[in-house]
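Reader: Hi! I have a new model open and would love to talk it through with you. Could you show it here first?

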Amino acid sequence: MSVGYVTVQWNRHKRVYDSLVGGGVALYLALFIIAGKTLYTGAHAISDEILAIRALGTCAYLMLHVVLCTGPLARLDRRFLPLLYNRRHLGVATFLVALAHATIAIGFYHGFGNVNPFISLLTSNVNLGSLSAFPFQLLGLAALLILFLMAATSHDFWLKNLGAPAWKRLHMVVYLAYALLVLHVALGILQTQRSPWLAGLVGAGVVIVAGLHVVAGLRERGHDRRGAQRTARVNGPWVDVGCVDDVPDRRGMTATVGGGERIALFRYDGCISATTNVCAHQGGPLGEGRIIDGCVTCPWHGWQYRPGDGQSPPPFTERIATHRVRVVGRRIQVDPTPLAPGTAVTPARIEEDHHG
Ligand code: HEM
Ligand code: FES
């Protein structure tokens, strides 16, 4: 997004991230297959195809857990933010690994008859009323189609054309894919392996994904409640949102005003500016960002905006809403009504603290 920050760091970061994902997948598959060959021998030996189906399936399932846990982890601890930068690449890689799993599974289990393998997948098992014989592969197919939709629309082209809120809503469907996959794997285990430790791992995965989302959600709500309690209407439209000393230099702070709306405050060059907390890209929390090259820089993917008018530096054209702000003594006061995106607001100058 920014000439200085994103094009250099983003590309290098992207390459490192992609190599780690590719290397990680290759290592996982190799270890899984070596372990399968070593542990199951003689009468218990597993065929190469089934070993490949299991290695690819568990790999994609594990990757989906990382995709889903990245959001709440980054909210709970900033050290996980680098994982978030290229989460979309991990999502696309997850789809590709899952596609390989499904392709081998369809070829192996449905490819040797005289019916088209795909037709066979859809029609060979119609035991919809039985849990122990349910066609669990169809749940995998539905999830795979959703993962395809997510991967196909992951490019910024779709984000721009659909608009960030609609794009985000669409990508929430990934949770439906996750639910379908939990059932696919659980019913698959019931029918093919009956392995208690695998069932335990599936359960642990659900607990971790749900637990992290609940903890991150509770923390956000607590933060909002404390923020709303700290703020107080002063006079006219002005709301007191804290002390200038609470905002670290060249960093942001998030303030919650009545109604739960969040405002990002930034301190730089002896001034305070206020903008919406919502990044125009994917709604990243701007108040958790920094001032880099004189611009508010989103912590998620590095999009930048000038703090004084909410406009991205040329050649970029994105705009975010700004807020009127003033400093009285050491207290920051903002007008909670957002101004039109890109509206210039004079930054509030911080008076010298003569008391040290
Ligand atoms: C058309 C789509 C799919 C088909 C036909 C399919 C088919 C299968 C089959 C036949 C099995 C049992 C393999 C065995 O143990 O013999 C299986 C297990 C599994 N599948 Fe799928 N699958 C599909 C989609 C997916 C997707 C999208 C994911 C994950 C992202 C996935 C993850 C898994 C996992 C984790 C297992 C358990 C592996 C194990 O038993 O060790 N599957 N699938
Ligand atoms: S840069 Fe992606 S959400 Fe802000």
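Author: Here it is, and please keep in mind that this is a predicted model. Let's begin at Gly 205, which counts as buried because 20 C-beta neighbours lie inside 10 Å, and 20 or more is what it takes to be called buried.

Reader: Nice. Where is Gly 205 found?

Author: Gly 205 sits in helix α10, which covers residues 196-230. Its C-alpha is separated by 9.1 Å from that of Val 182, a residue 23 places away along the chain.

Reader: Let's zoom out. How many helices and strands does the chain come to?

Author: Ten helices and twelve strands. The C-alpha trace spans about 85 × 40 × 35 Å along its principal axes.

Reader: And what share of the residues counts as buried?

Author: 29% of the 356 residues in the chain. On contacts, if you take those between residues at least 6 apart in sequence, 57% join residues at least 24 apart.

Reader: Which domains does the assignment give?

Author: The domain assignment gives domain 1 at 6-223 and domain 2 at 239-349. Their C-alpha centres lie 37 Å apart. Nine residues from domain 1 and eight residues from domain 2 take part in the contact.

Reader: Which elements supply the side of domain 1 that touches domain 2?

Author: At least two residues each come from α1 (6-39), α3 (81-85) and α8 (164-171). By type, the residues on that side of domain 1 are seven nonpolar, one polar and one charged.

Reader: Switching to my favourite part, the ligand. How many residues surround ligand 1, and which are the closest?

Author: Ligand 1 has 28 residues around it, and the closest are Gly 57, Ala 60, Ala 102, Ala 105 and Gly 140. Two or more residues of this shell come from each of α2 (48-76), α4 (87-110), α6 (136-152) and α9 (174-192).

Reader: Which one gives the largest share of the shell?

Author: That would be α2, with eight residues.

Reader: How does the shell divide into nonpolar, polar and charged?

Author: The shell around ligand 1 has 18 nonpolar residues, nine polar ones and one charged.

Reader: While we're on α2, is Val 66 in there buried, partly exposed or exposed?

Author: Val 66, which has its place in helix α2, is partly exposed because 16 other C-beta atoms lie within 10 Å. The C-alpha atoms of Val 66 and Leu 83 are separated by 9.1 Å, with their positions 17 residues apart along the chain.

Reader: Back to α6 then. How many residues does α6 have, and how far does it reach?

Author: α6 has 17 residues and reaches 25 Å from its first C-alpha to its last, close to the 24 Å expected at 1.5 Å a residue.

Reader: Which residues of α6 are buried?

Author: Phe 136, Gln 137, Leu 139, Gly 140, Ala 143, Leu 144, Leu 147 and Met 150. They cover an arc of only 145° around the axis, so they are on the same side of α6. It helps to recall that an α-helix has 3.6 residues a turn, so residues three or four places apart point the same way.

Reader: What do the buried residues of α6 pack against, and which exposed residues does the face turned away carry?

Author: The buried residues of α6 pack against α4, α5 (117-123), α8 and α9. The face turned away from the buried side carries the exposed residues Leu 145 and Ala 152.

Reader: I always check backbone geometry. Which peptide bond is cis?

Author: The one from Pro 314 to Pro 315, with omega near 10°. Pro 315 lies in the loop between β8 (304-305) and β9 (322-323). As background, most peptide bonds are trans, and most residues other than glycine have a negative phi.

Reader: Speaking of phi, what is the value for Arg 250?

Author: Phi of Arg 250 is near 60°, which is positive in a residue other than glycine. Arg 250 is in the loop between β2 (239-243) and β3 (252-256), and it counts as partly exposed because it has 14 C-beta neighbours inside 10 Å.

Reader: And what about phi of Asp 269?

Author: Asp 269 has a positive phi too, of about 45°, although it is not a glycine. Its place is in the loop between β4 (262-268) and β5 (271-276). With 13 C-beta neighbours inside 10 Å, Asp 269 counts as partly exposed.

Notes: Residues are numbered from 1 along each chain as its sequence is written. Chains are lettered from A and ligands numbered from 1 in the order in which they are written. This is a predicted model: local features need pLDDT of at least 70, side-chain atom pairs count only at pLDDT 80 or more; totals for chains, interfaces and linings use all residues. Helices (H or I, at least four residues) and strands (E, at least two) are DSSP runs, numbered from the N terminus. A residue is buried if 20 or more other C-beta atoms lie within 10 Å of its own, exposed if 12 or fewer, and partly exposed in between; C-beta atoms are placed from the backbone. Domain bounds come from an automatic or database domain assignment. Two residues are in contact if their C-beta atoms, placed from the backbone, lie within 7 Å. Ala, Val, Leu, Ile, Met, Phe, Trp, Tyr, Cys and Pro count as nonpolar, Asp, Glu, Lys and Arg as charged, and the others, Gly among them, as polar. A residue is near a molecule or strand if its C-beta atom, placed from the backbone, lies within 6 Å of it. The expected span of a helix is 1.5 Å times one less than its number of residues. The arc is that of the directions from the helix axis to the C-beta atoms.
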